[in-house]
Amino acid sequence: MIADALSDATTRMSKAVEVAKEDFAGIRTGRANPQLFAKIMVDYYGTPTPLAQLASLANPEARTLVVTPYDKSAMRDIEAALRSAPNLGANPTNDGNIIRVTLPELTEERRKEFVKIVRTKAEDAKVAVRNIRRKAKDELDALKSEVGDDEVARGEKELEAVTKTHVDAIDDALKRKEAELLEV
């Protein structure tokens with residue numbers, strides 16, 4: 001029973017770390033990356049649809065991304081979604097077949113804003129990991145009468161080690177992203 005609670009907590013913490021890494025990938029650095037557009041939702045026939053399901057994304061140059069819609073009738077909606085996307089500053093141009101998105105150079109001020117955003121996302125991920133730890137600890141405490149205090153204490157030590165491992169993984173990803181953002 002303790003092993004089940006720990007494995008569930010570990011799985012959920014790993015998912016929280018993966019979500020944090022995906023969020024970091026969505027923050028723009030100096031070069032264009034198709035991952036930047038992963039979470040952009042396009043209003044497609046009244047339904048919010050991820051851009052990746054409506055178009056292919058290619059990266060021909062460092063600051064340019066080419067969006068090729070599968071359905072040409074959705075081109076205007078895709079272009080509008082790209083224009084309104086926060087934190088991109090993108091300027092899409094439409095030639096009838098493809099949409100070219102040129103991302104502007106990042107200023108020092110903008111880079112520092114992105115670092116703040118990344119730190120906020122990292123803190124949110126750490127809070128999620130701590131919430132998972134708290135829930136798992138409550139589950140372990142509920143098992144005290146069945147398995148004994150010593151087993152629960154051992155389980156809590158393991159839980160703390162797992163939590164520290166996942167928080168450290170988030171911190172490592174944060175350091176890498178900050179270095180990438182501040183690199184000129």
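## Around H166

Leaving aside its neighbours within four places in sequence, which residues is H166 in contact with? In this predicted model, the partners of H166 are T10, M13, S14, V17 and V129. H166 itself sits in helix α6, which covers residues 149–182.

Is H166 buried or exposed? Its relative accessibility is 10%, and buried means under 20%, so H166 counts as buried.

## The four-stranded sheet

Let's turn to the strands. Four of them make up an open sheet, and reading across it gives the order β3-β4-β6-β5, with antiparallel pairing. Each of the edge strands, β3 (55–61) and β5 (91–94), has a single partner strand, so one side of each is left without a neighbour in the sheet. On average, and with direction ignored, neighbouring strands of this sheet are turned by 25° against each other.

At the β3 edge, the pairing with β4 (residues 64–69) is antiparallel and runs over 5 bridges. To find your place in this pair, look for L57, which stands opposite V67 in β4. Helix α3 (residues 75–84) packs on the sheet, where it touches β3, β4, β5 and β6 (99–102). The direction of α3 makes about 165° with that of β5.

A general point may help when you look at side chains here: in a regular strand they alternate between the two faces of the sheet.

## The β1–β2 hairpin

Strands β1 (residues 41–44) and β2 (residues 47–50) run antiparallel and are joined by 4 bridges. One handy marker is M41, whose bridge partner in β2 is P50.

How many residues lie between β1 and β2 in the hairpin? There are 2, and Y45 in the turn has a positive phi of about 50°.

## The cavity

Now for the empty space. Rolling a probe the size of a water molecule over the atoms shows where such space is left. Searching the whole structure gives 1 cavity of 30 Å³ or more, and the largest cavity has a volume of about 30 Å³.

Which residues line the largest cavity? They are A5, D8, A9, R12, I132, K135, A136 and E139. Helices α1 (2–25) and α4 (108–142) each supply at least two residues of this lining. By character, the lining residues divide into 4 nonpolar and 4 charged, with no polar ones.

Note on methods: Residues numbered from 1 in each chain as written. Predicted model: local features only at pLDDT ≥ 70, side-chain atom pairs only at ≥ 80, totals over all residues. Heavy atoms only, no water. Pairing = 2+ DSSP bridges. Axes fitted to C-alpha atoms, helices over the stretch in contact; angles between N-to-C directions. Contact = heavy atoms within 4.5 Å. Buried < 20%, exposed > 50% of the residue type's maximum accessible area, 1.4 Å probe, protein only. 1 Å grid on protein atoms, 1.4 Å probe; cavity = no way out; pocket = protein on both sides within 12 Å on 5 of 7 lines; lining within 4 Å. Points joined across faces, edges and corners; volume = space filled by probe spheres on them. Nonpolar A, V, L, I, M, F, W, Y, C, P; charged D, E, K, R; others polar.
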